[in-house]
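Biologist: Could you walk me through this model and tell me how each label is earned? I'd like the cut-offs next to the values.

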Amino acid sequence: MQFGIIGTSIWQQNMPLLERLTLERGKKHTFLAELKQVLGLNELLYLATCNRVEFMYAINGEDQGERPLHRLIDFFFAGQHDVGFFPNDFYHLTGREAITHLFRTVASLESLVVGETQITGQFKQAWQDSAADGLSGPVLADLAEKALQIARKVKRETSVGEGALSMASLAASELQRHLQANMQAVVALVGTGAMTRKLASYIKDFTLGDIVFVNRTLENARPLAQEFGGTAVSLEVFLRQPTGVDAIISATAASEPVFDCTFLDRLTASTNPVLCIDLAVPRDFSIEFERDSRVRFIDIPILKSRCNGNLRQKFVEVGKASEIVREAVNSYLSGRMELSLKPIFHDSYKESLELADRALNDLFAQKLTSLQHDEREAVKRLVTKLIGHSSFQPVRVLSERLAQMRSGLCPNDLGGAQ
């Protein structure tokens, strides 16, 4: 059984590819079930965030090479040419590299903002969804549980998450900078997901302006308006009459841009451009917003550039966290290898016990005839313990050495997950 990860992220700087691989919520289950069958996978877990899309899988066979990646590309792009990409726009990791990447990702060491905690919750939800949909099984369950344990350990034993920014806080900082002292500002938050709720909290806590909650379904926006003291507007109405807004922050799951070039003409002309922050994948704002003087456009890559110093500031703590991950990977692999090697050594252990039992019986019958029954049993227990230690200690040592030396998984080192 081989574990692997196929993905792309904002680091590859191919946003159209990232958008294409981001699946619509309503169609996700059916799509992934078909993908699992086409790729011949035993298990599949799909993780999509604002800056990454990853397909984590388990498949029979130790060395599948690039076959899963090639099949995935064919599945998404066969006969289509509207999205261009190069081979290095994808990453395909297997064995140790895949496990290391998984543990680092869930511990927020691969995040756009190192130390943010949102990714841990997103991964946990992705795993639960995968299990509920019957896509994943014992291999991914074991790895997911280990990854979440490591994330908690990194948070507990390092300060890498202290003062961590998030996409929501970065967007709020841009909003605060744009509005400055405008006490009459109106901010439109589009969508009703977790990102919208976080932004609403920032706006309310720092008194940045009045909030208009915009959503396709008005009933879903009204509870947010009641909770945070704003107003609720349907997307249909807002698209026709966006009058008076100073900023629009959008984070929907729409498959097509919500705001196109015709919307620009409806924005009320003012001294300052309207701030438009796009936190969605795929994008909620069409490409025209990037070069129109009536708006100040900010998307995820721009926010990424705002926090380039985050990793440098946390260099020491990131080093500690990385060491925790490295030790965890070695421990996990050595444990899997120990399980696969134990049956080999078990036969030798049984033979040694049989030889020892015959030798002790002869010894008790011929030379140690004065020993009582309980004394003989105590000797046998001691010999059995020594044989067990001498038989299986090499398994532990060998497993640890192999885990440190090998760059991939040995056959059956994900034992018990067939």
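Modeller: Sure. Let's start with a term: a polar contact is a pair of N or O atoms within 3.5 Å, where, within protein, one must be able to donate a hydrogen and the other to accept it. And keep in mind that this is a predicted model.

Biologist: What makes the pair E54 and Y91 a polar contact?

Modeller: The side chains of E54 and Y91 come to 2.5 Å. The cut-off is 3.5 Å, so the pair counts as a polar contact.

Biologist: Why is E54 called buried?

Modeller: Buried means under 20% relative accessible area. E54 has 0% relative accessibility, so the label fits.

Biologist: Where is E54 found, and which residues is E54 in contact with once neighbours within four places in sequence are left aside?

Modeller: E54 is found in strand β3. With those neighbours left aside, E54 is in contact with I5, I6, G7, L45, Y46, L47, Y91 and H101. Two of these also turn up in the strand pairing: G7 stands opposite E54, and L47 has E54 as its bridge partner.

Biologist: How do you know that β3 is mostly covered?

Modeller: By the count: 8 of its 8 residues are buried. In a regular strand the side chains alternate between the two faces of the sheet. In β3, R52, E54, M56 and A58 lie on one side, with V53, F55, Y57 and I59 on the other, and both faces are covered.

Biologist: What makes β1 and β3 a pair of strands?

Modeller: Two strands pair if DSSP finds at least two bridges between them. Strand β1 (residues 2–9) and strand β3 (residues 52–59) are joined by 8 bridges, so they pass, and they run antiparallel. One position to look at is G4, which stands opposite Y57. On the other pairing, β2 is joined to β3 by 6 bridges, again antiparallel, and β2 and β3 form a hairpin with 3 residues between them.

Biologist: What is the order of the strands in that open sheet, and which are the edge strands?

Modeller: The open sheet has 4 strands in the order β2-β3-β1-β4, with antiparallel pairing. The edge strands are β2 (43–48) and β4 (91–94), because each pairs on one side only. From one strand to the next, the twist averages 15 degrees. Helix α5 (residues 118–132) lies across β2 and β3, at about 145 degrees to β2.

Biologist: Is T22 buried or exposed, and why?

Modeller: Buried. The relative accessible area of T22 is 17%, and the label needs a value under 20%, so T22 qualifies. T22 lies in the loop between α1 (15–20) and α2 (25–39). Not counting residues up to four places away in sequence, T22 touches Y46, V53, V281 and P282. Its side chain also reaches the backbone oxygen of L18 at 2.8 Å.

Biologist: Why is strand β6 called largely enclosed?

Modeller: Of the 6 residues of strand β6 (residues 210–215), 5 are buried, so the rest of the structure largely encloses the strand.

Biologist: How do you know that β6 pairs with β5 and β7?

Modeller: By the bridges again, with at least two needed. Strand β5 (residues 186–190) and β6 have 5 bridges in the parallel sense, and β6 is joined to strand β7 (residues 231–234) by 4 bridges, also parallel. Both totals meet the cut-off, so both count as pairs. As examples, V187 has I211 as its bridge partner, and F213 has A232.

Biologist: What makes the β-α-β units here right-handed?

Modeller: The viewing rule: with the strands pointing away from the viewer, the path from the first strand over the helix to the second runs clockwise. That label goes to the unit made by β5, helix α8 (residues 194–205) and β6. It also goes to the unit made by β6, helix α9 (residues 218–228) and β7.

Biologist: And what are the figures for the protein as a whole?

Modeller: The protein has 15 helices and 10 strands. Buried residues make up 47% of its 418 residues. About 21,100 Å² is exposed, with carbon and sulfur atoms supplying 50% of it. Among contacts between residues at least 6 apart in sequence, 72% join residues at least 24 apart.

Technical notes:
Residues are numbered from 1 along each chain as its sequence is written. This is a predicted model: local features need pLDDT of at least 70, side-chain atom pairs count only at pLDDT 80 or more; totals for chains, interfaces and linings use all residues. Side-chain values use heavy atoms; hydrogens and water are left out. Helices (H or I, at least four residues) and strands (E, at least two) are DSSP runs, numbered from the N terminus. Buried means under 20% relative accessible area, exposed over 50%, partly exposed in between (1.4 Å probe, protein chains only). Contact means heavy atoms within 4.5 Å. Accessible areas come from the Shrake-Rupley method with a 1.4 Å probe; for residues, only the protein chains shown count as cover. Axes are lines fitted to C-alpha atoms, for helices over the stretch in contact, and angles run from 0 to 180 degrees between N-to-C directions.
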